[in-house]
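User: Please take a close look at the ligand site of this model. Then set that site in the context of the rest of the chain.

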Amino acid sequence: MLKVENVSKVFNSKRGTAKPLEKVSLDIKRGEFICLLGPSGCGKSTLLNIIAGLEKASEGEVYLRDKRVEGTGVDRVVMFQESGLFPWLNVMGNVEFGMKIAGVPKEEREEKALRYLKMVHLSKFKDAYIHELSGGMRQRVALARALTLDSDVLLMDEPFAALDSQTKSLLQQELQKIWWETKKTIIFVTHNVEEAVLLADRVIVMSANPGKIKRDIKIELSRPRKLESVDLTYVASEVMKVLKEEVEKVASREFDNDWNIEKDSILYSPDSDMGAGL
Ligand SMILES: Nc1ncnc2c1ncn2[C@@H]1O[C@H](COP(=O)(O)OP(=O)(O)OP(=O)(O)O)[C@@H](O)[C@H]1O
């Protein structure tokens, strides 16, 4: 359904040339949940932005249902780490915003906004303003807004990275359920190994400099999945082994020589944000 074909990206700036992606190819089926996992700077966001049509590939193409992606479109909705909500609109106003731009009639807009606010368990807060909401609630409003647009593909760039771990865990459970109910194709960028294994049908582990696909790992755990399950912890530790090499590569470039991944148990733990902020 979604095909990334030999996509490369080069950025030229005053500081020189960066090549975050080199000949990346990916075939994603309708309804699949894909997590892009990799150390900082390996090109995850660049790849997501190219799929979204926010960036142009230097080489290669992206096809959605055999149609070449030429720019942004309502068939691919993006959600970022920051909710991007409008502070001058209330929750309903924010959720309805995209539909209003798309010319959806008022009654239909309201019905849909309420339906999706219920799905993220926030209908009680429909009249609240954004400053009255916690970070987790804001991301749920952003998710409801994204869902109203009825896109087949939802692109999520570390949407829960800025949240505390309990809120993050609630939203991960909610997203699993919403994905199951809506059958959307989701591409989700994360640093977090456990998050990737919890959510994904396939975890795409990327390597850095230049960004390439190192491994495409099918996660065959039954759903709904729980972070604390023994099976999930085992699979996460296997995925961690694949990622470890990449994180070491990035760290050896950016850390002092006395740094060691085995000693640094925080980075080596599967529930850590592997390589985040390196
Ligand atoms: N607009 C840009 N101009 C120049 N270089 C860029 C630009 N955007 C990204 N890069 C570089 O491309 C590389 C990949 O960046 P990207 O944000 O895609 O990585 P990432 O894997 O998503 O990283 P992180 O996990 O830290 O968000 C980085 O080295 C980054 O500095």
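Analyst: A residue counts as near the ligand if its C-beta atom, placed from the backbone, lies within 6 Å of it. The model is predicted.

Start with the shell. There are 13 residues around the ligand. Phe 11, Pro 20, Ser 40, Ser 45 and Thr 46 come nearest. Three elements give two or more residues each to this shell: strand S1 (2-13), strand S2 (16-28) and helix H1 (44-52). H1 has the largest share, with three residues. By class, eight residues of the shell are polar, four are nonpolar and one is charged.

Now the domains. The assignment splits the chain into domain 1, covering 1-75 + 153-264, and domain 2, covering 84-150. Their centres, taken over C-alpha atoms, are 26 Å apart. At the interface, 12 residues of domain 1 are in contact with 10 residues of domain 2. On the domain 1 side, helix H5 (residues 165-182) gives the most, with six residues. That side has nine nonpolar, two polar and one charged residues.

Next, the backbone. Most residues other than glycine have a negative phi, and most peptide bonds are trans. Some places in this chain depart from that pattern.

Take phi. Arg 65 has a positive value, near 45°. The residue sits in the loop between strand S4 (59-64) and strand S5 (67-68). Asp 66 lies in the loop between S4 and S5 too. Asp 66 has a positive phi of about 65°, and it is not a glycine. Are these residues buried or exposed? The cut-off for exposed is 12 or fewer other C-beta atoms within 10 Å. Arg 65 counts as exposed because it has 11 C-beta neighbours inside 10 Å. Asp 66 has 7 C-beta neighbours inside 10 Å, so Asp 66 counts as exposed.

Then the peptide bonds. The bond from Asn 209 to Pro 210 is cis, with omega near -5°. Pro 210 is placed in the loop between strand S9 (202-207) and strand S10 (212-218). The bond from Arg 223 to Pro 224 is cis, again with omega near -5°. Pro 224 belongs to the loop between S10 and helix H7 (230-254).

To return to the site: H1 gives three residues to the shell, and Phe 11 and Pro 20 are among the residues that come nearest to the ligand.

How values were computed:
Residues are numbered from 1 along each chain as its sequence is written. This is a predicted model: local features need pLDDT of at least 70, side-chain atom pairs count only at pLDDT 80 or more; totals for chains, interfaces and linings use all residues. Helices (H or I, at least four residues) and strands (E, at least two) are DSSP runs, numbered from the N terminus. A residue is buried if 20 or more other C-beta atoms lie within 10 Å of its own, exposed if 12 or fewer, and partly exposed in between; C-beta atoms are placed from the backbone. Ala, Val, Leu, Ile, Met, Phe, Trp, Tyr, Cys and Pro count as nonpolar, Asp, Glu, Lys and Arg as charged, and the others, Gly among them, as polar. Domain bounds come from an automatic or database domain assignment. Two residues are in contact if their C-beta atoms, placed from the backbone, lie within 7 Å.
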